[in-house]
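Subject: Structure for your review

Dear colleague,

Please find the structure below, handed over for your own inspection. My notes on it come after the display.

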Amino acid sequence: GEFLNSRLYNVTAVANGAEGLREIMKDPFDFIICDMMMPQVGGEMFYWAVVRMRPAAGLRFIFITGHQSDPKIQSFFNRINATVLIKPFPLDALSAAIREVTEKLR
């Protein structure tokens with residue numbers, strides 16, 4: 001959050017996917033940083049729930065994972081042409097991912 005705040009982004013952090021869905025219903029957000037392994041709702045389920053409610057938000061996701069070798073996760077990323085950060089990642093990789101998402105939205 002601090003890194004993004006220092007770059008003048010407003011950050012909304014949530015504890016789980018259910019909270020995330022509530023927040024996305026209130027505000028479309030410029031980008032959504034989503035861990036694939038979250039309590040209650042995993043990243044893939046969260047993505048599809050968001051896209052059902054706000055189809056345009058599908059392009060705004062940056063996924064983070066430490067399980068990139070899992071074939072199911074890889075298949076999901078390929079299917080949606082995901083922007084992905086592999087944990088642990090340097091902060092400049094986050095900046096690059098934000099630029100990538102911004103390009104998708106043009």
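The notes that follow go through the strands, the aromatic rings, the salt bridges and a few single residues.

Please bear in mind throughout that this is a predicted model.

Strands 2 and 3

I begin with the pairing of two strands. Strand 2 and strand 3 run parallel and are joined by four bridges. One of the bridge pairings sets Ile64 against Leu85 of strand 3. Together with helix 4, these two strands make up a β-α-β unit, and that unit is right-handed.

Strand 3, which covers residues 83-86, has two unlike faces: Thr83 and Leu85 are on the covered face, while Val84 and Ile86 are on the uncovered one. The general background is that side chains in a regular strand alternate between the two faces of the sheet.

Two threonines in these strands

Thr65 belongs to strand 2. Its relative accessibility is 0%, so Thr65 counts as buried. The side chain of Thr65 reaches the backbone nitrogen of His67 at 2.9 Å. With neighbours within four places in sequence left aside, the residues in contact with Thr65 are Met36, Ile73, Phe77, Val84, Leu85, Ile86 and Lys87.

Thr83 is found in strand 3. Thr83 is likewise buried, because its relative accessible area is 2%. Its side chain makes a polar contact with the side chain of Glu100 at 2.8 Å, and another with the side chain of Lys104 at 2.9 Å. Once neighbours within four places in sequence are set aside, the contacts of Thr83 include Phe61, Ile62 and Phe63. Ala97 and Val101 are also among them, as are Glu100 and Lys104.

Aromatic rings

The next topic is the pairing of rings, for which centres must lie within 6.5 Å. By this rule the structure has eleven aromatic pairs. One of these is formed by Tyr47 and Phe61, with 5.0 Å from centre to centre and 70° between the planes, an edge-to-face arrangement. Tyr47 is part of helix 3 (residues 43-53) and Phe61 is part of strand 2 (residues 61-65), so this pair ties together parts that are 14 residues apart in sequence. Tyr47 and Phe61 are both buried.

A tilted pair is made by Phe63 and Phe77, whose centres are 5.6 Å apart and whose planes stand at 45°. This pair, too, links distant parts of the chain, with Phe63 in strand 2, Phe77 in helix 4 (residues 71-80), and the two positions 14 residues apart. Both of these phenylalanines, Phe63 and Phe77, are buried.

Ring pairs also connect these four residues with others: the cluster consists of Phe46, Tyr47, Trp48, Phe61, Phe63, Phe76 and Phe77.

Salt bridges

As general background, side chains of opposite charge can pair when their charged atoms come close. How many salt bridges does a search of the whole structure find? The search finds three.

In one of them, the side chains of Lys26 and Glu23 meet at 3.1 Å, N to O. These two residues are three apart in helix 2 (residues 17-26), so about one helical turn separates them. Lys26 counts as exposed, because its relative accessibility is 61%. Glu23 has a relative accessible area of 23% and is therefore partly exposed.

Another salt bridge joins Lys87 to Asp35, with the closest N and O atoms 2.9 Å apart. This pair links distant parts of the chain: Lys87 is in the loop between strand 3 and helix 5, Asp35 is in strand 1 (residues 32-35), and the two are 52 residues apart. Lys87 is partly exposed, with 38% relative accessibility.

The remaining one brings together the side chains of Arg106 and Glu103 at 2.7 Å, N to O. Arg106 has a relative accessible area of 72% and so is exposed, whereas Glu103, at 48%, is partly exposed.

A loop residue

Finally, Ala15 has its place in the loop between helix 1 and helix 2. Is Ala15 buried or exposed? Ala15 is exposed, because its relative accessible area is 52%. The C-alpha atoms of Ala15 and Phe29 are separated by 17 Å, and these residues are 14 apart along the chain.

Yours sincerely

Note on methods: Residues numbered from 1 in each chain as written. Predicted model: local features only at pLDDT ≥ 70, side-chain atom pairs only at ≥ 80, totals over all residues. Heavy atoms only, no water. Phe/Tyr/Trp six-rings, centres within 6.5 Å; stacked < 30°, edge-to-face > 60°. Buried < 20%, exposed > 50% of the residue type's maximum accessible area, 1.4 Å probe, protein only. Pairing = 2+ DSSP bridges. Right-handed = clockwise from strand over helix to strand, strands pointing away. Salt bridge = Lys/Arg side-chain N within 4 Å of Asp/Glu carboxyl O. Polar contact = N/O pair within 3.5 Å; in protein donor to acceptor, adjacent residues only side chain to side chain. Contact = heavy atoms within 4.5 Å.
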